[in-house]
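Q: I have a structure open and want the reasoning behind its labels. Can we take them one at a time?

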Amino acid sequence: MKPRPGMFLRERKISNLAFFITGYMIAVEGEDDYFGEDGFNDWFYKKYKLHPGNVWDIYLLEKAKGDEKKALDSYFRCLKKYYQEKTGKQ
(Lines give C-alpha, C1' and ligand atoms only; values in the text may rest on other atoms or scores of the structure.)
Protein backbone atom coordinates (compact mmCIF):
# COMPACT_ATOMS: atom_id res chain seq x y z
CA MET A 1 0.00 0.00 0.00
CA LYS A 2 2.84 2.42 0.78
CA PRO A 3 4.14 2.74 -2.82
CA ARG A 4 0.67 3.45 -4.23
CA PRO A 5 -1.64 4.63 -1.44
CA GLY A 6 -4.06 6.25 -3.90
CA MET A 7 -4.88 2.81 -5.23
CA PHE A 8 -6.31 1.80 -1.84
CA LEU A 9 -7.17 5.12 -0.20
CA ARG A 10 -8.38 7.19 -3.15
CA GLU A 11 -6.48 10.19 -1.81
CA ARG A 12 -3.18 10.11 0.05
CA LYS A 13 -4.60 11.08 3.46
CA ILE A 14 -4.19 9.68 6.96
CA SER A 15 -7.94 10.02 7.53
CA ASN A 16 -8.63 7.78 4.53
CA LEU A 17 -6.22 5.21 5.94
CA ALA A 18 -8.06 5.27 9.26
CA PHE A 19 -11.34 4.51 7.47
CA PHE A 20 -9.68 1.74 5.46
CA ILE A 21 -8.23 0.12 8.59
CA THR A 22 -11.54 0.38 10.46
CA GLY A 23 -13.25 -1.45 7.61
CA TYR A 24 -10.55 -4.10 7.64
CA MET A 25 -10.89 -4.55 11.41
CA ILE A 26 -14.62 -5.12 11.03
CA ALA A 27 -14.01 -7.68 8.30
CA VAL A 28 -11.45 -9.77 10.21
CA GLU A 29 -13.15 -9.41 13.60
CA GLY A 30 -9.91 -9.39 15.60
CA GLU A 31 -8.36 -12.41 13.87
CA ASP A 32 -5.29 -10.47 12.78
CA ASP A 33 -2.09 -10.01 14.82
CA TYR A 34 -1.85 -6.43 13.61
CA PHE A 35 -4.83 -5.38 15.72
CA GLY A 36 -4.76 -7.99 18.46
CA GLU A 37 -2.97 -7.95 21.75
CA ASP A 38 0.65 -6.82 21.31
CA GLY A 39 -0.13 -5.79 17.72
CA PHE A 40 0.58 -2.47 16.06
CA ASN A 41 -2.11 -0.53 17.93
CA ASP A 42 -0.83 -1.68 21.34
CA TRP A 43 2.74 -0.98 20.28
CA PHE A 44 1.81 2.51 19.02
CA TYR A 45 0.00 3.47 22.22
CA LYS A 46 2.90 2.26 24.37
CA LYS A 47 5.59 3.81 22.16
CA TYR A 48 3.97 7.25 22.18
CA LYS A 49 2.58 6.98 25.72
CA LEU A 50 -1.04 7.36 24.63
CA HIS A 51 -4.11 5.99 26.28
CA PRO A 52 -5.94 3.31 24.27
CA GLY A 53 -8.89 5.69 23.95
CA ASN A 54 -6.79 8.07 21.86
CA VAL A 55 -7.07 7.81 18.11
CA TRP A 56 -3.72 7.18 16.39
CA ASP A 57 -4.64 8.96 13.14
CA ILE A 58 -5.65 12.14 14.99
CA TYR A 59 -2.39 11.99 16.98
CA LEU A 60 -0.32 11.71 13.78
CA LEU A 61 -2.34 14.44 12.06
CA GLU A 62 -1.79 16.81 14.99
CA LYS A 63 1.96 16.04 14.97
CA ALA A 64 1.99 16.84 11.23
CA LYS A 65 0.21 20.15 11.90
CA GLY A 66 -2.82 19.11 9.88
CA ASP A 67 -0.90 17.91 6.81
CA GLU A 68 -2.65 14.68 5.78
CA LYS A 69 0.18 13.48 3.53
CA LYS A 70 2.87 14.03 6.16
CA ALA A 71 0.73 12.22 8.71
CA LEU A 72 0.34 9.28 6.33
CA ASP A 73 4.11 9.19 5.79
CA SER A 74 4.56 9.19 9.58
CA TYR A 75 2.20 6.23 9.84
CA PHE A 76 4.30 4.21 7.41
CA ARG A 77 7.48 5.12 9.33
CA CYS A 78 5.82 3.95 12.56
CA LEU A 79 4.67 0.75 10.90
CA LYS A 80 8.22 0.08 9.70
CA LYS A 81 9.57 0.61 13.24
CA TYR A 82 6.93 -1.73 14.61
CA TYR A 83 7.88 -4.53 12.20
CA GLN A 84 11.59 -3.95 12.82
CA GLU A 85 11.10 -4.27 16.57
CA LYS A 86 8.78 -7.24 16.21
CA THR A 87 10.99 -9.19 13.82
CA GLY A 88 14.41 -7.87 14.79
CA LYS A 89 15.09 -7.11 11.11
CA GLN A 90 16.29 -3.78 9.78
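Q: What share of the 90 residues in the protein chain is buried?
A: In this predicted model, buried residues make up 37% of the 90 residues. To count as buried, a residue must have under 20% relative accessible area.

Q: What elements make up the protein chain, from the N terminus on?
A: The order is α-α-α-α-α. That is five helices and zero strands.

Q: Among contacts between residues at least 6 apart in sequence, how many join residues at least 24 apart?
A: The share is 51%. A contact here needs heavy atoms within 4.5 Å.

Q: Why is the R12 and D73 pair called a salt bridge?
A: The rule asks for a side-chain nitrogen of Lys or Arg within 4 Å of a carboxyl oxygen of Asp or Glu. In R12 and D73, the closest N and O atoms are 2.2 Å apart. The pair therefore meets the cut-off.

Q: What parts does the pair of R12 and D73 tie together?
A: R12 lies in the loop between helix 1 (5-9) and helix 2 (14-28). D73 lies in helix 5, so the pair ties together parts that are 61 residues apart in sequence.

Q: Why do R12 and D73 count as partly exposed?
A: Partly exposed lies between the buried limit of under 20% and the exposed limit of over 50%. R12 has 36% relative accessibility, so R12 counts as partly exposed. D73 has a relative accessible area of 28%, so D73 is partly exposed too.

Q: How do you know that E85 and K47 form a salt bridge?
A: Their closest N and O atoms are 3.0 Å apart. The cut-off is 4 Å, so the pair qualifies. E85 sits in helix 5 and K47 in helix 3, 38 residues apart. By this rule the count comes to two salt bridges.

Q: Why are E85 and K47 called partly exposed?
A: E85 has 47% relative accessibility, and so counts as partly exposed. K47 has 37% relative accessibility, and so it also counts as partly exposed.

Q: Why is E68 not given a salt bridge?
A: The nearest side chain of opposite charge is K13, 5.3 Å away. A salt bridge has to be within 4 Å, so E68 and K13 do not qualify. E68 is buried all the same.

Q: What does the side chain of E68 reach?
A: One partner is the backbone nitrogen of I14, at 2.9 Å. Another is the backbone nitrogen of S15, at 3.0 Å. The limit for a polar contact is 3.5 Å, so both distances fall within it.

Q: Where is E68, and which residues does E68 touch?
A: E68 is found in helix 5 (residues 68-87). Not counting residues up to four places away in sequence, E68 touches R12, K13, I14, S15 and L61. The C-alpha atoms of E68 and D57 are separated by 9.5 Å, with the two residues 11 apart along the chain.

Q: What makes helix 3 roughly perpendicular to helix 5?
A: The axes of helix 3 (residues 40-47) and helix 5 cross at roughly 105 degrees, coming within 10 Å. Roughly perpendicular covers 65 to 115 degrees, so helix 3 is roughly perpendicular to helix 5. Helix 3 makes the contact with F40, W43, F44 and K47. Helix 5 makes it with Y75, C78, L79, K81, Y82 and E85.

Q: Which residues of helix 3 are buried, and what do they pack against?
A: The buried residues are F40, N41, W43, F44 and Y45. They pack against helix 4 (56-63) and helix 5.

Q: What stands out about the phi of K49?
A: K49 is not a glycine, although its phi is positive, about 55 degrees. K49 comes just after helix 3, in the loop between helix 3 and helix 4.

Q: Why is K49 called exposed?
A: The label needs over 50% relative accessible area. K49 has 74% relative accessibility, so K49 counts as exposed.

Q: What are the phi and the place of K65?
A: K65 has a positive phi of about 55 degrees and is not a glycine. K65 lies in the loop between helix 4 and helix 5. Its relative accessible area is 77%, so K65 is exposed.

Conventions
Residues numbered from 1 in each chain as written. Predicted model: local features only at pLDDT ≥ 70, side-chain atom pairs only at ≥ 80, totals over all residues. Heavy atoms only, no water. Helix = DSSP H or I, 4+ residues; strand = E, 2+ residues; numbered from the N terminus. Buried < 20%, exposed > 50% of the residue type's maximum accessible area, 1.4 Å probe, protein only. Lys, Arg positive; Asp, Glu negative; His and termini not counted. Polar contact = N/O pair within 3.5 Å; in protein donor to acceptor, adjacent residues only side chain to side chain. Axes fitted to C-alpha atoms, helices over the stretch in contact; angles between N-to-C directions. Parallel < 35°, antiparallel > 145°, perpendicular 65-115°, else oblique.
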